[in-house]
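User: I am new to this structure and would like to learn how to read its features one by one. Please begin with whatever idea I shall need for the rest.

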Amino acid sequence: MQDQQELILTLKTQIIESLNLQGMTPDEIDNNAPLFGEGLGLDSIDSLELMVLLERNYGIKIEDAREGRKAMESVTAMAQYISEHRTK
Amino acid sequence: MKPVYIISSSCISPQASFHNENLDIPLHHTNENVFYCIEPDYSKFINPVQIRRMSRALKMGFTAAIDCLQKAGDPRPQGIIIGTGKGCMTDTEQFLHSMREFNETALNPTNFIHSTYNQINGMVALNKKINSYNVTYVHRGFSFEHSLIDAMMLIDDGDAEMVLTGSFDEMTSEHFDVKQIWGFWKEEKIDSNQLMLSQTGGTIAGEGTSFYLLSNQKPSSIAVALQDIRTLYKPSNDDIKNTLNLILKDNEITHDDIDIIMLGESGDYHRQAPYQLIREALPMSQPLVFKHLCGEYDTSTNFAFWLSTEILQHQSIPRYLISPLNQLIKPSSSSIKTILIYNNYFEQNQSMILLRLAD
């Protein structure tokens with residue numbers, strides 16, 4: 001079982017790759033900063049890309065938008081959600 | 001239809017056409033049977049959040065469109081009309097690969113959104129807050145021509161005073177390979193500078209984008225007018241001759257008034273006949289070829305259109321165009337008032353575009 005810190009690092013790398021955040025390294029993403037609006041400054045299309053990331057890599061399908069918002073509040077929140085819901 | 005005036009233009013091509021006022025720029029060539037565009041610095045035109053999602057075709061097309069508007073002082077045209085033969089191929093290919101890889105589940109929204117043909121139309125409209133007439137023509141070798149015709153009609157009908165129009169197409173390695181199988185490209189590698197001397201079938205691939213702001217108002221500087229356009233689908237030799245005579249008659253000019261014929265000859269030995277017919281019909285006109293500079297693609301007439309506009313505005317033929325392929329038959333000091341572009345896209349889509357220096 002991947003520990004939480006390792007999962008967070010993997011997740012950050014996947015976020016950078018899937019959203020094509022050119023020139024950004026995992027270290028530059030604050031674990032607890034909001035992903036949308038302030039913080040990383042992602043937008044609604046990015047949220048769809050992150051949902052695809054969760055489905056492809058962790059077998060998680062988010063159907064409820066409210067649940068999705070909560071799950072993608074920050075990298076830490078995402079990692080926690082993955083740990084609880086992953087099917088692969 | 002009344003002629004329309006070209007207020008501004010912007011072109012990204014395999015030559016140094018973007019923001020280059022000097023027409024004597026060095027010639028770029030390829031030995032790989034495919035030309036790719038020289039891409040500009042996008043940071044002045046696209047914000048960092050947008051650019052990370054955009055593929056090459058989107059960046060090039062959007063930048064040329066925005067640049068064209070900026071050159072004219074950022075007006076708000078009453079129409080955005082864009083042609084593309086294939087749209088954003090990179091995104092389309094990535095989306096199709098994902099469909100296969102992930103068994104039609106978990107597909108990236110960005111690739112899907114950007115694979116739609118009208119993506120640049122939408123991005124320009126959103127960026128400039130232009131919520132007027134907005135149309136994309138996806139008509140293979142007529143895509144650029146139909147955009148021009150629609151722009152002319154919109155202005156002629158009085159529905160618009162100013163229209164942003166243009167076209168874009170990109171070449172990808174996969175698209176190149178597919179068309180290679182179909183026999184579009186030459187089997188042997190050829191230096192693009194030698195393209196027109198080839199005695200074999202097929203041509204070389206290319207890509208490019210150019211945009212124009214068209215208006216019913218004549219600009220105060222040297223004005224180039226788009227006078228007329230004709231399209232011919234799989235025409236016979238008689239159709240070509242008749243259309244040539246008709247375009248001259250309708251615009252009250254004679255064969256001798258055509259100073260330059262800009263020919264879409266592609267070095268394809270089997271598709272040379274229609275060009276020879278035009279050359280023979282206009283023996284007093286200076287023939288110029290252009291596809292050894294941009295390659296062949298659905299909307300390659302956009303490069304010929306840009307080149308012709310530049311020649312009329314500068315009243316000179318760029319030095320890099322003069323070569324064994326384009327030997328001058330007239331003194332270089334002769335005035336250039338009228339250019340006819342004739343293109344034959346794989347024998348299906350043929351067009352004539354008449355450009356004139358406005359009086």
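Analyst: We begin with contact: two residues are in contact if their C-beta atoms, placed from the backbone, lie within 7 Å. The model is a predicted one. Met262(B) serves as a case: leaving out residues up to four places away in sequence, Met262(B) touches Leu288(B), Phe290(B), Ala304(B), Leu307(B), Ser308(B), Ile339(B) and Ile341(B).

User: To which nonpolar core does Met262(B) belong, and how many residues has that core?

Analyst: In soluble globular proteins, nonpolar side chains tend to be buried together. Here the largest nonpolar core has 86 residues, and Ala65(B) and Met262(B) have the most contacts inside it. Helix α2(B) supplies the largest share of this core, 9 residues. Domain 1 (4-215) and domain 2 (224-357) of chain B both contribute residues, so the core lies between them. Another core, of 17 residues, lies apart from it and includes Ile8(A), Ile29(A), Leu50(A) and Tyr81(A).

User: How should I read helix α2 of chain B, and how many residues does it have?

Analyst: An α-helix has 3.6 residues a turn, so residues three or four places apart point the same way. Helix α2 of chain B covers residues 56-71, which is 16 residues. From first C-alpha to last, α2 reaches 22 Å, close to the 22 Å expected at 1.5 Å a residue. The helix is mostly covered, with 13 of its 16 residues buried. After α2(B) comes Gly73(B), whose phi is positive, near 90°.

User: Which residues other than glycine have a positive phi?

Analyst: Most residues other than glycine have a negative phi, and most peptide bonds are trans. Arg140(B) is one residue with a positive phi, near 45°. Arg140(B) sits in the loop between β3 (133-137) and α6 of chain B. Lys234(B) also has a positive phi, near 45°, and belongs to the loop between β6 (224-233) and α8 (237-250) of chain B.

User: Are Arg140(B) and Lys234(B) buried, partly exposed or exposed, and why?

Analyst: The reasoning rests on a count: a residue is buried if 20 or more other C-beta atoms lie within 10 Å of its own, exposed if 12 or fewer, and partly exposed in between. Arg140(B) has 16 other C-beta atoms within 10 Å, so Arg140(B) is partly exposed. Lys234(B) has 9 and is therefore exposed.

User: What does the count give for Ser10(B) and Gly267(B)?

Analyst: Ser10(B), in strand β1 of chain B, is buried because 25 other C-beta atoms lie within 10 Å. Not counting residues up to four places away in sequence, Ser10(B) touches Phe18(B), Ala64(B), Asp67(B), Cys68(B), Lys71(B), Ser210(B) and Phe211(B). Gly267(B), in the loop between β7 (260-263) and α9 (273-281) of chain B, also counts as buried, with 25 C-beta neighbours inside 10 Å. Leaving aside neighbours within four places in sequence, Gly267(B) is in contact with Leu195(B), Met196(B), Ser198(B) and Thr203(B).

User: How far apart in space are Gly267(B) and Asn31(B)?

Analyst: Their C-alpha atoms are separated by 14 Å, although Gly267(B) and Asn31(B) are 236 residues apart along the chain. Ser10(B) and Lys186(B), by comparison, are 176 residues apart in sequence and 30 Å apart in space, C-alpha to C-alpha. For chain B as a whole, 79% of the contacts with a separation of 6 or more join residues 24 or more positions apart.

User: How do the two domains of chain B meet?

Analyst: The C-alpha centres of domain 1 and domain 2 of chain B lie 21 Å apart. Their contact takes 52 residues from domain 1 of chain B and 40 residues from domain 2 of chain B. On the domain 1 side, the elements giving two or more residues are β1 (4-12), α6 (143-156), β4 (162-169) and β5 (208-215) of chain B. Helix α6(B) gives the largest share of that side, 6 residues. The residues of that side divide into 23 nonpolar, 23 polar and 6 charged.

User: What does the contact between chain A and chain B take from each chain?

Analyst: The contact takes 11 residues from chain A and 9 residues from chain B. The chain A side divides into 5 nonpolar, 3 polar and 3 charged residues.

User: Finally, how compact is chain B?

Analyst: Chain B comprises 11 helices and 10 strands. Its radius of gyration is 20 Å, close to the 21 Å that the globule rule gives for 359 residues, so chain B is as compact as a globular protein of that length. Of those 359 residues, 49% count as buried.

How values were computed: Residues numbered from 1 in each chain as written. Chains lettered and ligands numbered in written order. Predicted model: local features only at pLDDT ≥ 70, side-chain atom pairs only at ≥ 80, totals over all residues. Domains from an automatic or database assignment. Helix = DSSP H or I, 4+ residues; strand = E, 2+ residues; numbered from the N terminus. Nonpolar A, V, L, I, M, F, W, Y, C, P; charged D, E, K, R; others polar. Rg over C-alpha atoms; globule rule 2.2 N^0.38 Å. Expected span 1.5 Å × (residues − 1). Core = buried A, V, L, I, M, F, W, Y, C linked by C-beta atoms within 7 Å.
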